[in-house]
Amino acid sequence: MNGGGTINDIARLAGVSKKTVSRVINRSPLVQQETREKIEALIREVGYVPDPMARGLAFRKSFLIGMVYDNPNAQYIVNMQEGALDSLRGSGFELVVHPCDSKSDDYIDGVRHFVLQQRLHGVILVPRVSEDSALVEMLQQVGCRYARIAAVSLDEPARMIATNDRQGAVEVANYLESLGHRHIGLITGPQRYLSTRERGAGFLQALAKRGLELPATHVVEGGYTFESGVACAEKLLALEPRPTAIFTLNDEMAAGVYKAAFRMGLSIPEQLSVVGFDDSPLAARLWPSLSSVRLPIRDMGSFAAAMLIAADGEARSVPLIAPHLVVRESCQSPV
């Protein structure tokens, strides 16, 4: 066996499990002296070469959980991290983060490097990277476990936290229409985000069911950022007739709508109703306080981390996540 063998080769020759070989390599005291000496002799004879791109990775794991994200919303990421840390506290595992730009050609290589260099036990994939099948294939190739968080289920249940975003957007459509709003604006996130497509489609379809078709001019694409919320609101509020309500697909953009309305001298909710999505801490801090769809972001991070540190074979079912509208002071019937 020139050039060395892998853990599998050593295990086969020694007549033991891969775990036993791994324990010897990692100097674990749990192996009998006789077995240890036999394996060490084989390792010297054969020359053990760990293969980090394949099986070897599984036997050289650290106590690190990674969080990989490409999300412009800092508050969302902080909430997600806090949730993951809630689950990891006292477990011996630590959290390491890897922000990336999923639009760049080499971002998957960057994540691969991160996983291998840190010898990660597992990775939490946050939207939008959680939606990328090529990234997931790479993680499977290198033998790294993962938990995906996304608007709909994209994987087997043991690896998936589906947030059912569409449901929350349907509730907003029914609420605004029931208040009597007929001229409604929608500020979406980037169309490449599954959350944008799910939330937007849920909202528009629910309005259509209630006999309300939104013209194309009333749907504007934002970037999930405060600044894009300001710019999109200015476009919508320049329309004739002006929308009496605006739904934004996250709270950061809703705060941007507040700024645009203030600049134009429009009062919320008397002249403009506003609804956000995520129910981040920002929603309750705005004045008037913002009605927003509550998505338990902290809990989602917590469920994902718990899923990754659960022992193999242990049940890892995730509670059903059901977004719902939290009504505050930012909406009323149009005057």
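## The whole chain

Let's start with a head count: the protein chain has twelve helices and eleven strands. Its radius of gyration is 25 Å, while the globule rule gives 20 Å for 335 residues, so the chain is more spread out than a compact globule. Keep in mind as you look around that this is a predicted model.

You can also picture the chain in a box. Taken along the principal axes, the C-alpha atoms fill roughly 85 × 35 × 35 Å.

## Two helices at the start of the tour

Take a look at helix 1, residues 7–14, and helix 2, residues 18–25. They pack at an angle of about 110 degrees, and their axes are 8 Å apart. Angles of 65 to 115 degrees count as roughly perpendicular, and that is why helix 1 and helix 2 get this label.

Which residues make the contact between them? Helix 1 brings I7, N8, I10 and A11, and helix 2 brings K18, V21, S22 and I25. Sort the residues of this contact by type and you get five nonpolar, two polar and one charged.

## The five-stranded sheet

Next up is an open sheet of five strands with parallel pairing, in the order 2-1-3-4-5. Strand 2 (94–99) and strand 5 (160–162) are the edge strands, and each of them pairs on one side only. From one strand to the next, the twist averages 15 degrees.

Zoom in on one pair. Strand 4, residues 145–150, runs parallel to strand 5, and three bridges link the two. To find the spot in the model, look for R148, which stands opposite M160 in strand 5.

## The six-stranded sheet

There is also an open sheet of six strands, and here the pairing is mixed. Its order is 7-6-8-9-10-11. Which strands stand at the edges? They are strand 7 (219–221) and strand 11 (324–326); each has a single partner strand, so one side of each has no neighbour in the sheet. In this sheet the twist averages 20 degrees from one strand to the next.

Inside the sheet, strand 9 (residues 273–278) and strand 10 (residues 291–294) run parallel and are joined by four bridges. G276, for instance, has S292 in strand 10 as its bridge partner.

## Helices on the six-stranded sheet

Helix 7, residues 165–179, packs on this sheet. It touches strand 6 (184–188), strand 8 (245–248), strand 9, strand 10 and strand 11. The direction of helix 7 makes about 170 degrees with that of strand 9.

Helix 8, residues 194–209, lies across strand 6, strand 7, strand 8 and strand 9. Helix 8 runs at about 165 degrees to strand 6.

## Helix 9 meets helix 10

One more helix pair is worth a look: helix 9 (residues 226–237) and helix 10 (residues 251–263). Their axes are 7 Å apart, and the packing angle is about 50 degrees, which means that helix 9 is oblique to helix 10. The crossing of the two is right-handed.

On the helix 9 side, the contact is made by F226, S228, G229, V230, A233, E234 and L237. Helix 10 contributes E252, M253, A255, G256, V257, K259, A260, A261 and R263. How do the residues of the contact of helix 9 with helix 10 divide by type? They come to nine nonpolar, three polar and four charged.

Key
Residues numbered from 1 in each chain as written. Predicted model: local features only at pLDDT ≥ 70, side-chain atom pairs only at ≥ 80, totals over all residues. Heavy atoms only, no water. Pairing = 2+ DSSP bridges. Axes fitted to C-alpha atoms, helices over the stretch in contact; angles between N-to-C directions. Parallel < 35°, antiparallel > 145°, perpendicular 65-115°, else oblique. Left-handed = near helix turned anticlockwise from the far one by under 90°. Contact = heavy atoms within 4.5 Å. Nonpolar A, V, L, I, M, F, W, Y, C, P; charged D, E, K, R; others polar. Rg over C-alpha atoms; globule rule 2.2 N^0.38 Å.
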